[in-house]
Amino acid sequence: MSGWWVLAKTASSETDIKRSRFLCTLWPIQNLAEGQQMIRQQKQQHPQAAHVCSAMLLPAGPTGQPQAFSDDGEPSGTAGKPMLAVLQGSGLVGLCATVVRYYGGVQLGTGGLVRAYSDSVRQALLSAQREFIPIRHQADLCLSYAAFETMQRLWQNRWLIEQQEFDQQVRLTVRIAQSDQQEFEQQFMQTILRLKELQASISWHRNAEQGS
C-alpha cells in the first residue's frame, strides 16, 4: 500500500553534553506554517536558551518535498542541516524537530555540535510512535439508493465519505486508498451494470491526498 509514515504524537528527548542541555521535541505537522508556529512557541517557552534550532520535512508534492532548517545562530551547517539529515533517514514525513540548547560554558567545536544536534533528534525518534497514512484518491459518485446500499456493504470500512447528499439519487464524495482504486472502480461498474443504472457516474479527482 502506498502512503507515508508519520508521527502519531509529539516525542521528546533531553541530552546533556559538557554541561550544555539539548532539549529535542518532534512535532507532527501538515505544512511548513505549522512547523514555524511550533518554533515560535519553543522560543517563547525558552527565552533564556542560547539557541532554538530546527528542521522540517513534509511529504513530496507536485514541486518536490518541502523542507526547511535553521541553525539559529550556531555555526553554519552544524545544527539545522544535520537535524534535517536525521529526519530524512527516519522514514517519517510531516514532522518538525526543534532542539533547544542551554549553553553550559564549554565550546563543543564544529564536529561536536553536529553530533550533539544529530544525536538529540535520534534520541527523540527512538521513543516516537509512528502511524501509517495511506495515499487516498478522491472520487465523486452519483448513483441510486440501491447501488449505494450495495457499495456501502462492500466498502463501509474501506472508504471515507467526505460529503453526501440524498435526493432523487445519492451523491457522494469519497476517498479510496490508492491501492484499492482499481478494485473500487470495478465493483462500482459491476454494481451499476447489474442494476442497469444508466444515470450512475464516477469521476476521479486528479490529485491524490497529500497526507490529510
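This report describes a sheet, the helices packed on it, and one buried residue in a predicted model.

## The sheet

Start with the strands. Five of them, 5 strands in total, form an open sheet. Their order is β2-β3-β6-β4-β5, and the pairing is antiparallel. The edges are β2 and β5 (67-70), and each of these pairs on one side only. From one strand to the next, the twist averages 15°.

Now look at β2 and β3. These strands run antiparallel and are joined by 7 bridges. Ala11 stands opposite Leu26 in β3.

## Helices on the sheet

Helix α2 packs on the sheet. It touches β3, β4, β5 and β6. The direction of α2 makes about 35° with that of β4.

Helix α3 packs on the sheet too. Its contacts there are β2, β3, β4 and β6. The direction of α3 makes about 45° with that of β3.

## Where α2 meets α3

Two packed helices are described by the angle between their axes and the distance between the axes. Here, helix α2 covers residues 80-88 and helix α3 covers residues 109-126. Their axes come within 8 Å and cross at roughly 35°. The crossing of α2 and α3 is right-handed.

Which residues make the contact? From α2 come Pro82, Met83, Val86 and Leu87. From α3 come Val114, Tyr117, Ser118, Val121, Arg122 and Leu125. By class, the contact has 8 nonpolar residues, 1 polar and 1 charged.

## A closer look at α3

Helix α3 has 18 residues. From its first C-alpha to its last, α3 reaches 26 Å. That is close to the 26 Å expected at 1.5 Å a residue.

Several residues of α3 are buried: Gly112, Leu113, Ala116, Tyr117, Ser118, Ser120, Val121, Ala124 and Leu125. What do the buried residues of α3 pack against? Their partners are the strands β2 (11-17), β3 (20-28), β4 (51-57) and β6 (95-102), together with helix α2. An α-helix has 3.6 residues a turn, so residues three or four places apart point the same way.

## Gln187 in α5

Gln187 lies in helix α5, which spans residues 181-194. Is Gln187 buried or exposed? The relative accessible area of Gln187 is 19%. Buried means under 20%, so Gln187 counts as buried.

Which residues does Gln187 touch, leaving aside neighbours within four places in sequence? Gln187 is in contact with Met151, Leu154 and Trp155.

Methods. Residues numbered from 1 in each chain as written. Predicted model: local features only at pLDDT ≥ 70, side-chain atom pairs only at ≥ 80, totals over all residues. Heavy atoms only, no water. Axes fitted to C-alpha atoms, helices over the stretch in contact; angles between N-to-C directions. Helix = DSSP H or I, 4+ residues; strand = E, 2+ residues; numbered from the N terminus. Left-handed = near helix turned anticlockwise from the far one by under 90°. Contact = heavy atoms within 4.5 Å. Nonpolar A, V, L, I, M, F, W, Y, C, P; charged D, E, K, R; others polar. Expected span 1.5 Å × (residues − 1). Buried < 20%, exposed > 50% of the residue type's maximum accessible area, 1.4 Å probe, protein only. Pairing = 2+ DSSP bridges.
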